[in-house]
Amino acid sequence: MPTILGQNQYGKAENRVVKITRDGDTHHIKDLNVSVALSGDMDDVHYSGSNANVLPTDTTKNTVYAFAKEFGIESAEQFGIHLARHFVTTQEPIKVARIRIQEYTWERIATSDNNSRFIGSDEVNHSFARKGQELRTTQITFDGENWEIISGLKDLTVMNSTNSEFWGYVKDKYTTLKEAYDRILCTDVAAAWRYNWTSDADRMPNWEKSYDQAKKHILQAFAETYSLSLQQTLYQMGSRVINSRSEIDEIRFSLPNNHHFLVDLEPFGLKNDNEVYFAADRPYGLIEATVLRDGVQPKIPVDMTNL
């Protein structure tokens, strides 16, 4: 039976690049994990092994590091745009470039007031601690004419210790869960949002401000929603972002319900008045949904595993 070649791509995955910007004695860090995937006229290399159209993956790696020096890293999105444009416009066989970036964030270490007596400096602006909060993500896809930018975050753990209920659900012979009228709501937020910027002819968003604002609205909606279900909270988080950020048309969430169960302390003669919980890491409920601007078609993959 004859076979034909289907979709294919190649590139260098997980290029770790750390860029230090030195502004006098004040230093700034951008720490990225960059993956490059290229596709185009690659039939021959698969059918015959001819590498005539193949830009080595080692070259794509070198380009990442060279561009960090040449262009700097203003934002993960802007850096990915530089890379995608370069590969598509300088390599004729390459028709589509997809750049995936994860950004690790750092925060400056505050030093003591008497620090200068030890190191001879009034202020220390070059020491950092890695933030243990969210991982920032972005995926840039360019086909020579149109852009698709999907940014987001994951591993942002949030908790409401009250103002959450869960009751009135379907019950059958296998249901053992008791209705809850005051429970802990905890989740690890994974979110991906799609920008409506698709053309160089349009004004580009301020990527850093947009990310900070989207995260702010997600957190505020989580904190300010009296939740009767995690689904309700998810929708409020997405709606807040869409209604507040005109540059974002679509946002998708994947929210595990990190269950906290009240511990039965009665065998010890103690009353547990919503104070002591067992934090279960698995199994967990998994709530996923997309929130869209009215009239917009969804484009973010339902499975966000690789975003």
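**View 1. A salt bridge links glutamate 103 and arginine 136.** In this close-up, the closest N and O atoms of glutamate 103 and arginine 136 are 3.7 Å apart. What you see here is a predicted model. Glutamate 103 belongs to strand S3 and arginine 136 to strand S6, so the pair ties together parts that are 33 residues apart in sequence. The two residues also meet in the sheet, where glutamate 103 stands opposite arginine 136 in S6. If you enjoy this kind of contact, there is plenty to look for: the count of salt bridges comes to 16.

**View 2. Eight strands line up in an open sheet.** Follow the strands across in the order S1-S2-S3-S6-S7-S8-S9-S12, and you will find that the pairing is antiparallel. Strand S1 (15-23) and strand S12 (285-292) stand at the edges with a single partner strand each, so one side of each has no neighbour in the sheet. On average, neighbouring strands are turned by 20 degrees against each other, direction ignored. As a reminder, strands of a sheet pair through backbone hydrogen bonds, in a parallel or an antiparallel way.

**View 3. S3 has antiparallel partners in S2 and S6.** Between S2 and S3 there are ten bridges. To find your way in, start at leucine 38, whose bridge partner in S3 is alanine 97. Then move to S3 and S6, which pair over seven bridges.

**View 4. Strand S9 meets S12.** How many bridges join strand S9 (residues 248-257) to S12? There are eight, and the two strands run antiparallel. A handy pair to pick out is glutamate 250 and its bridge partner in S12, leucine 292. Now for a helix that packs on the sheet: H3 (residues 76-90) touches strand S2 (26-40), strand S3 (94-104), S6 and S7. The direction of H3 makes about 160 degrees with that of S3. Helix H6 (residues 230-244) lies across strand S8 (185-195), S9 and S12, and runs at about 155 degrees to S9.

**View 5. The largest pocket holds about 670 Å³ of space.** Its lining has 22 residues, and the closest to the pocket centre are Leu177, Lys178, Ala180, His260 and Phe261. Elements that give two or more residues to this lining are H6, strand S10 (260-262) and S12. Which of the elements gives the largest share of the lining? That is S10, with three residues. By class, the lining of the largest pocket divides into eleven nonpolar, seven polar and four charged residues.

**View 6. The second largest pocket holds about 320 Å³ of space.** Of its 19 lining residues, Ile29, Lys30, Glu103, Thr105 and Trp106 are the closest to the centre. You may recognise Glu103 from the salt bridge with arginine 136. Two or more lining residues come from each of S2, S3, strand S4 (106-108) and helix H5 (207-224), and the largest share, five residues, comes from S2. This lining has five nonpolar, three polar and eleven charged residues.

**View 7. One cavity of 30 Å³ or more is found in the structure.** About 30 Å³ of space lies in the largest cavity. Look around it for Thr137, Thr138, Gln139, Ile150, Ser151, Gly152, Ala192 and Leu307, which form the lining. Strand S6 (135-142) and strand S7 (147-160) each supply at least two of the lining residues. The lining of the largest cavity has three nonpolar, five polar and no charged residues.

How values were computed:
Residues numbered from 1 in each chain as written. Predicted model: local features only at pLDDT ≥ 70, side-chain atom pairs only at ≥ 80, totals over all residues. Heavy atoms only, no water. 1 Å grid on protein atoms, 1.4 Å probe; cavity = no way out; pocket = protein on both sides within 12 Å on 5 of 7 lines; lining within 4 Å. Points joined across faces, edges and corners; volume = space filled by probe spheres on them. Helix = DSSP H or I, 4+ residues; strand = E, 2+ residues; numbered from the N terminus. Nonpolar A, V, L, I, M, F, W, Y, C, P; charged D, E, K, R; others polar. Pairing = 2+ DSSP bridges. Axes fitted to C-alpha atoms, helices over the stretch in contact; angles between N-to-C directions. Contact = heavy atoms within 4.5 Å. Salt bridge = Lys/Arg side-chain N within 4 Å of Asp/Glu carboxyl O.
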